[in-house]
Amino acid sequence: MGHAHGHHHHGHGSHHADGHGHDHGHHHHAPKDFGRAFAIGIALNTAFVIAEVAAGLWSGSLALLADAGHNLSDVLSLVVAWGATVLARAAPTSRRTYGLSKATILASLTNAVLLLVAVGVIVSEAVHRFMEPAPIATGPVMAVAAIGVVINTATALLFLRGQEDLNIRGAFLHMAADAAVSLAVVIGALIIAFTGLLWIDPALSLLIAAVIVAGTWGLLRDSVDLALDAAPRGMDVEAVRAWLASQPGVTEVHDLHVWAMSTTETALTVHLVRPENLDGDAFLHETCEGLAHRFGIGHATLQVETGQSQSCRLALVHAV
C-alpha cells in the first residue's frame, strides 16, 4: 500500500457545463533507493556461486552443486528486482502514461515463481538422494555452507528496512530462505559426519522446501493480485467508499476503483454525485488530501457529478 507522507500534492480542478469535475492528486512515491544493497548482494552471491561450484566439483558433493544452481537463481532474481526499481523511476511518456512503475509488481511475481522453481529442484534432488544415497565430503560442505549462511544473512539484512515494498520483500525472502538452506546444509553435514546417516541430507532438503513454499506463497498471492489490479492487501475499499460518501454534499458514490500502480503506490478513480458543488476546487483538493493521509492513496482521480444532467452510464455497473 502506498503512503502519502512527505510527498507533494497538486490539485487541478476543472468544471464544465455538464457539471463534471476532475481532480488528479499525484503523490509520487518512488521505491526507496536500494541500489547499493542490490550491488553488494549481487557481488557477494556471484562470488559465492563460483566458490560453491569449485568446492562442489572438488568434494564430489552434488548437494553443493545443486545449492550453487539455487543461488544462481537468487543472483538472477536480485538483478530482476534491481532492474525493476530502476524502471519504476522512469518518467511517464505519452504511450506509457503511468511510467514503468508496474515493473516492480512483475519483478515480485517473477521472484516468487523463481523461488518455487528452486523448490522444485530441491525436492527433485531430495527424492533422488533418498533412492540413491551418496557419500558426502562433510568437511568442505560444512565450510562452504557456513560461508553461505553469513553471505545470505548479510544480504537479507540489506533489504530488511524495505518490507512495505513487495519487490524488496521478495528480495529479502529470497536471501533469508537461502540463509536457512545453507544453515540446514551445515547442520545436516555435521550430523552425517557423526552418524553416517545419509538420509538426513534429503530429509532436511524436503523440510527446507516446505519452509520456502510457506514463505513464498504469500508473496506469490500478493504479486498475482497486484498484477491483476486488485486493491493492495490491507486496503479496505468499503471503508474508502464509506468515507467518500460521508464527505460534505456527496449523495452517491459509484464506479470506484482502487489498484496498485506499483509495489509502493496506490491509485483510485471514482464518480461522486454532489448536487451543490459550489466549492468544487476546495472539495476536490481536500478530498484527495484525505484519501492520501487516511488511506495512503496518493494518485486519486475524482469525477464530480451534480446529478442535473442525464444519469451517468457507469452508475449502473453492478461489479464495482
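## A tryptophan in a loop

Let's start with Trp199, which sits in the loop between α5 (166-195) and α6 (200-227). Keep in mind that this is a predicted model. Trp199 belongs to a nonpolar patch on the surface, together with Val123, Val127, Phe130, Met131, Leu197 and Leu206. Taken together, the patch residues have about 640 Å² of accessible area.

Which helix gives the most to the nonpolar patch? That would be α3 (residues 103-131), with four residues.

## The chain as a whole

Stepping back, the chain has eight helices and five strands. Going along the sequence, they come in the pattern β-β-α-α-α-α-α-α-α-β-β-α-β.

Of the 320 residues in the chain, 48% are buried. The accessible surface adds up to about 15,100 Å², and carbon and sulfur atoms hold 66% of that. If you look at contacts with a separation of 6 or more, 73% of them involve residues 24 or more positions apart.

## Two nonpolar cores

In soluble globular proteins, nonpolar side chains tend to be buried together. Here the largest nonpolar core has 25 residues. The ones with the most contacts inside this core are Leu64, Val141, Val144, Val181, Val185, Ile208 and Ile212. Five helices each supply at least two residues of this core: α1 (35-59), α3, α4 (138-158), α5 and α6. Among the contributors, α5 gives the most, with seven residues.

There is also a second core, separate from that one, with 20 residues. Leu244, Leu268, Leu284 and Ala300 are among its members.

So α3 turns up twice: α3 supplies at least two residues of the largest core, and α3 also gives four residues to the surface patch.

## The β3-β4 hairpin

Now for the strands. Is β3 (residues 252-260) largely enclosed or largely open? Seven of the nine residues in β3 are buried, so the strand is largely enclosed by the rest of the structure.

The partner to look at is β4 (residues 266-273), which runs antiparallel to β3 and is joined to β3 by seven bridges. A hairpin of five residues links β3 to β4. For a handy reference point when you click through the pairing, take Val253, which stands opposite Leu272 in β4.

Note on methods:
Residues are numbered from 1 along each chain as its sequence is written. This is a predicted model: local features need pLDDT of at least 70, side-chain atom pairs count only at pLDDT 80 or more; totals for chains, interfaces and linings use all residues. Side-chain values use heavy atoms; hydrogens and water are left out. Buried means under 20% relative accessible area, exposed over 50%, partly exposed in between (1.4 Å probe, protein chains only). Two strands pair if DSSP finds at least two bridges between them. Patches are made of residues with over 30% relative accessible area and no salt bridge: like charges are joined within 9 Å, nonpolar side chains (Val, Leu, Ile, Met, Phe, Trp, Tyr) within 5 Å. Accessible areas come from the Shrake-Rupley method with a 1.4 Å probe; for residues, only the protein chains shown count as cover. A salt bridge is a side-chain nitrogen of Lys or Arg within 4 Å of a carboxyl oxygen of Asp or Glu. Contact means heavy atoms within 4.5 Å. A nonpolar core is a set of buried Ala, Val, Leu, Ile, Met, Phe, Trp, Tyr and Cys residues joined through side-chain atoms within 4.5 Å.
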